[in-house]
Amino acid sequence: MLTIDLSGSVALVTGGSRGIGAGIVEAFARAGATVVLTHTGNPRYADRLGAMLGELRDKGCHVEAAVADACSPDAADRLVRQIVDSHGRLDVMVANVGQNLARPAEETTAESWRHFIDVNLSSAFHAVRAALPAMLGAGRGRILFIGSSVVFDGGGGAIDYAAAKAGMVGMMRYLTRNYARRGINSNVIHPAVIETDLLDERYGNPQDKQKLVDRVPVGRLGQPADIGNLAAYLASSHGDFICGQEILVDGGRTFY
Ligand SMILES: NC(=O)c1ccc[n+]([C@@H]2O[C@H](COP(=O)([O-])OP(=O)(O)OC[C@H]3O[C@@H](n4cnc5c(N)ncnc54)[C@H](OP(=O)(O)O)[C@@H]3O)[C@@H](O)[C@H]2O)c1
């Protein structure tokens, strides 16, 4: 039987309280990793997060949640320091936080551009910069960026979101060129049409959702576990030879 074993590993998943991030947290935790997730502390989602943590802990998983604004470099540094102090290592970092607001480019103010570049791109940089020293010290690390199919098809409905996700690919290539020889594998997973709050905000009503399903060759929307399971595979020893890649997880929608 082929298994994904992350026991002994410590992983940080930014924005792991809901949606795709939660799918990644769950897959990592079930594979045996100690997982630290971040979130904004929004009380609206507190019950859902509490239930997820409770369920995972009941299964014997090691999961911790920390409020940390992904746009704050200091918060990223503090968090990684705490992780290394408590657990002695950081093996995997997933830069998952993202926000999108569809609107025309000509109506996008400089201020809102800065906000969405900050949340979708600078957040990933802060997490990478904070995580690198521990990974370099250990001579091994895994960095996963959660991008978007927008990088291929210009979808998503917002110029800043498109630019930020393309920027993540640049970061991943830079890291591969400069850090893969030092034991750090970086890859990008590009999701599309994964059923989360972010998708529901844009395609809330059932007719719009059905139209979306009709455009997916495999005939369904994706689930957070579709991303989580791949992330766990890449984070495990199965992913040792996979580096510098962009992987679309979209049910075939983007190209077909
Ligand atoms: N869903 C899709 O079909 C799809 C498609 C392409 C790409 N993606 C990408 O996948 C990633 C996850 O998307 P999703 O659909 O799972 O989104 P989601 O359901 O809206 O969840 C977003 C997560 O990010 C956290 N977050 C947002 N802003 C934050 C901040 N400033 N600091 C810390 N945490 C923050 C949220 O925490 P709180 O719970 O505290 O709010 C939540 O855990 C994003 O990068 C998104 O661009 C998604």
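This passage describes the overall fold, the surface and the cysteines of a predicted model of a protein.

In the predicted model, the protein contains nine helices and seven strands. The radius of gyration of the protein is 17 Å, close to the 18 Å that the globule rule gives for 256 residues, and the protein is therefore as compact as a globular protein of that length. When the extent is taken along the principal axes, the C-alpha atoms of the protein fill a box of roughly 45 × 40 × 40 Å. Among the contacts in the protein with a separation of 6 or more, 76% are accounted for by residues that lie 24 or more positions apart in the chain.

With regard to burial, 50% of the 256 residues in the protein are buried. The accessible surface of the protein comes to about 12300 Å², and carbon and sulfur atoms contribute 51% of this area. The charged groups comprise 25 positive and 27 negative charges, and the mean positions of these two sets are 5 Å apart.

A search of the whole structure for disulfides, which would require a pair of cysteine sulfur atoms within 2.5 Å, finds zero. Two of the cysteines may be described by their accessibility. Cys 71 has a relative accessibility of 19%, and because buried means under 20% relative accessible area, Cys 71 counts as buried. Cys 243, by contrast, has a relative accessible area of 23%; because the partly exposed class lies between the 20% and 50% limits, Cys 243 is partly exposed.

Methods:
Residues are numbered from 1 along each chain as its sequence is written. This is a predicted model: local features need pLDDT of at least 70, side-chain atom pairs count only at pLDDT 80 or more; totals for chains, interfaces and linings use all residues. Side-chain values use heavy atoms; hydrogens and water are left out. Buried means under 20% relative accessible area, exposed over 50%, partly exposed in between (1.4 Å probe, protein chains only). Helices (H or I, at least four residues) and strands (E, at least two) are DSSP runs, numbered from the N terminus. The radius of gyration is taken over C-alpha atoms; the globule rule is 2.2 Å times the number of residues to the power 0.38. Contact means heavy atoms within 4.5 Å. Accessible areas come from the Shrake-Rupley method with a 1.4 Å probe; for residues, only the protein chains shown count as cover. Lys and Arg count as positive and Asp and Glu as negative; His and the chain ends are not counted. The place of a charge is taken as NZ of Lys, CZ of Arg, CG of Asp or CD of Glu.
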